[in-house]
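User: I should like to learn how to read the features of a protein model. Could we go through one together?

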Amino acid sequence: MSRRRGKAVEEEKADIDLTPMLDVVFIMLIFFIVTASFVKEKALDVNVPDPNETNNAQPDDTKQNILLVVNANDEITLGGSRIDSRAVRARIAQLYAENPQAIVIVRAHNKSSADTYVQIADAAKEVNPGIQVSLVPFEK
């Protein structure tokens with residue numbers, strides 16, 4: 001009988017109560033959920049005209065805008081001549097000094113990178129933080 005009694009004792013010792021461990025796991029899960037900080041994604045503020053809107057207004061001859069064209073290879077042209085991305089700020093500053101009412105218009109190709117637009121917008125904002133930068137679709 002001592003053998004049977006030993007097995008019964010062993011079976012009782014083999015049972016492990018998992019409830020306290022589950023309680024600890026749930027408390028840790030709640031702690032990590034509550035203390036987690038979520039990253040807010042930044043978005044670009046891009047002025048894009050509505051394609052359905054027809055603009056029949058005649059352009060104002062006194063207000064010359066600064067038009068930069070970005071092709072599919074991320075090459076920037078201003079006034080028909082190709083310029084380096086490092087010279088964009090200087091050229092915008094020069095043209096903006098001549099006409100402070102001008103806005104910067106970036107005509108970017110669909111396959112150009114967003115980084116090029118961001119570089120142009122940053123350069124324009126360095127010249128004047130209040131300058132308006134618009135992005136228009138590339139026309140064929």
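User: Which helices and strands does the protein have?

Analyst: The protein has four helices and five strands. Helices (H or I, at least four residues) and strands (E, at least two) are DSSP runs, numbered from the N terminus. Along the sequence their order is α-α-β-β-β-α-β-α-β. This is a predicted model, in which local features need pLDDT of at least 70 and side-chain atom pairs pLDDT 80 or more, while totals for chains, interfaces and linings use all residues. Residues are numbered from 1 along each chain as its sequence is written, and side-chain values use heavy atoms, without hydrogens and water.

User: How does one read the two faces of a strand, for instance in strand 1?

Analyst: One asks which residues are buried (under 20% relative accessible area), exposed (over 50%) or partly exposed (in between), using a 1.4 Å probe and protein chains only. In strand 1 (residues 66–70), Ile66, Leu68 and Val70 point to one face and are buried. Leu67 and Val69 point to the other face and are not buried. Of the 140 residues in the protein, 19% are buried.

User: Which strands pair with strand 1?

Analyst: Two strands pair if DSSP finds at least two bridges between them. Strand 1 pairs with strand 4 (residues 104–108) in the parallel sense over five bridges, and Val70 stands opposite Ala108 there. Strand 1 and strand 2 (residues 76–78) run antiparallel and are joined by three bridges, with Thr77 as the partner of Val69. Five residues lie between these two strands in their hairpin, where Asp74 takes a positive phi near 65°.

User: Where do the buried residues of helix 4 lie around its axis?

Analyst: The buried residues of helix 4 (residues 114–127) are Thr116, Tyr117, Ile120, Ala121, Ala123 and Ala124. They cover an arc of only 160°, taken from the directions from the helix axis to the C-beta atoms, and so lie on the same side of helix 4. On the other side, Ala114 and Glu126 are exposed. Strand 1, strand 2, helix 3 (88–98), strand 4 and strand 5 (133–137) are among the elements that cover the buried residues; a contact means heavy atoms within 4.5 Å.

User: How many aromatic pairs are there?

Analyst: A pair of aromatic rings is described by the distance of the centres and the angle of the planes. Rings of Phe, Tyr and Trp (its six-membered ring) pair if their centres lie within 6.5 Å; planes under 30 degrees apart count as stacked, over 60 as edge-to-face and the rest as tilted. The count here is one aromatic pair. The ring centres of Phe31 and Phe32 are 5.5 Å apart and their planes stand at 65°, so the pair is edge-to-face.

Methods
Expected span 1.5 Å × (residues − 1).
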